[in-house]
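Trainee: Please take one part of this structure and go through it closely. I would like a single connected account.

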Amino acid sequence: MTTARKKTRQRLPGDISHKHYVARALRVDHAGEFGAKQIYAGQLAVLGKKPVGKTIQHMAAQEEEHWQAFEKMLRQRRVRPTALMPFWRVAGFALGAGTAMLGPRAAMACTVAVEEVIIDHYQKQIEYLGDDEVELVRCLKKFRDDEDDHRATGCDHDATTLPYYPLLRGAIRRGCRLAIWLSERV
Ligand SMILES: [Fe+2]
Ligand SMILES: [Fe+2]
């Protein structure tokens with residue numbers, strides 16, 4: 001008989017409790033997916049009728065699915081959403097619409113930059129949780145893969161050939177990391 005080695009995490013003194021970790025993860029993921037929804041809504045407001053509109057619509061539909069899943073988990077576990085939701089509503093939409101106004105390539109560059117941070121963020125949660133929270137980890141893996149598809153879609157649309165791509169990427173990455181940090185805490 002083979003026994004699968006169960007991954008166990010070493011908890012160090014000062015580590016937050018499991019329950020606290022999960023609540024914080026759900027809160028920030030819920031906020032992030034909401035922000036993603038808003039980014040694509042902003043992009044669609046500008047580019048919805050352009051040829052790229054259909055592709056963005058597809059990604060937006062997946063973000064809606066992701067967000068709904070976290071909505072449900074938040075309710076089930078009685079975790080409060082971040083107090084910053086009204087802010088993410090406006091900031092996400094503005095980021096999406098703003099980059100879309102610069103053109104489809106800039107909109108896609110925004111997607112690539114955001115998804116890179118989110119993929120990394122989900123990957124860290126997946127590794128931290130290990131064999132705990134089977135259902136949540138299953139969701140995180142599925143969403144991480146969806147986000148990776150979005151990132152690849154952005155690259156397929158020449159996002160990285162944008163002359164100011166490194167600048168835009170850097171700014172968006174910093175913004176996303178700050179958004180994550182804040183949503184975990186506020
Ligand atoms: Fe998502
Ligand atoms: Fe996404």
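Mentor: Glu-147 is buried, because its relative accessibility is 1% and the cut-off for buried is under 20%. The model is a predicted one, so read every value here as computed from it.

Glu-147 sits in helix 5, which covers residues 134-156. Its side chain is a donor to two metals: Glu-147 (OE) is among the atoms that coordinate the iron ion (ligand 1), and Glu-147 (OE) is also listed among the donors of the iron ion (ligand 2).

Take the iron ion (ligand 2) to begin with. Its donors are Glu-63 (OE), Glu-115 (OE), Glu-147 (OE) and His-150 (ND1), at 1.8 to 2.3 Å. What arrangement do the 4 donor atoms make around the iron ion (ligand 2)? The angles they subtend run from 91 to 133 degrees, so the arrangement is tetrahedral; the test for that word is that all angles lie between 85 and 135 degrees. Along the chain, the donors of this ion follow the pattern E-x51-E-x31-E-x2-H. The end of that pattern can be placed on a helix: Glu-147 and His-150 are both in helix 5, 3 residues apart, which is about one turn of the helix. His-150 counts as buried because its relative accessible area is 1%.

Now the iron ion (ligand 1). It is coordinated by Glu-33 through two OE entries, by Glu-63 (OE), by His-66 (ND1) and by Glu-147 (OE), at 1.9 to 2.6 Å. In sequence, the donor residues of the iron ion (ligand 1) are spaced E-x29-E-x2-H-x80-E. Glu-63 and Glu-147 join distant parts of the chain: Glu-63 belongs to helix 2 (residues 53-76), Glu-147 to helix 5, and 84 residues separate the two.

Glu-63 also ties the two metals together. It bridges the iron ion (ligand 1) and the iron ion (ligand 2), which are 3.9 Å apart. Glu-63 counts as buried because its relative accessible area is 0%.

Two loop residues can be placed beside these helices. Arg-78 is in the loop between helix 2 and helix 3 (85-101), and it counts as exposed because its relative accessibility is 78%. Its phi is near 50 degrees, a positive value in a residue other than glycine. Glu-133 is in the loop between helix 4 (104-129) and helix 5. The phi of Glu-133 is near 55 degrees, again positive in a residue that is not glycine.

Note on methods
Residues numbered from 1 in each chain as written. Chains lettered and ligands numbered in written order. Predicted model: local features only at pLDDT ≥ 70, side-chain atom pairs only at ≥ 80, totals over all residues. Heavy atoms only, no water. Donors = N, O, S within 2.8 Å, 3.2 Å for Na, K, Ca; no water. Helix = DSSP H or I, 4+ residues; strand = E, 2+ residues; numbered from the N terminus. Buried < 20%, exposed > 50% of the residue type's maximum accessible area, 1.4 Å probe, protein only. Tetrahedral: all angles 85-135°; square planar, octahedral: opposite > 155°, others 65-115°.
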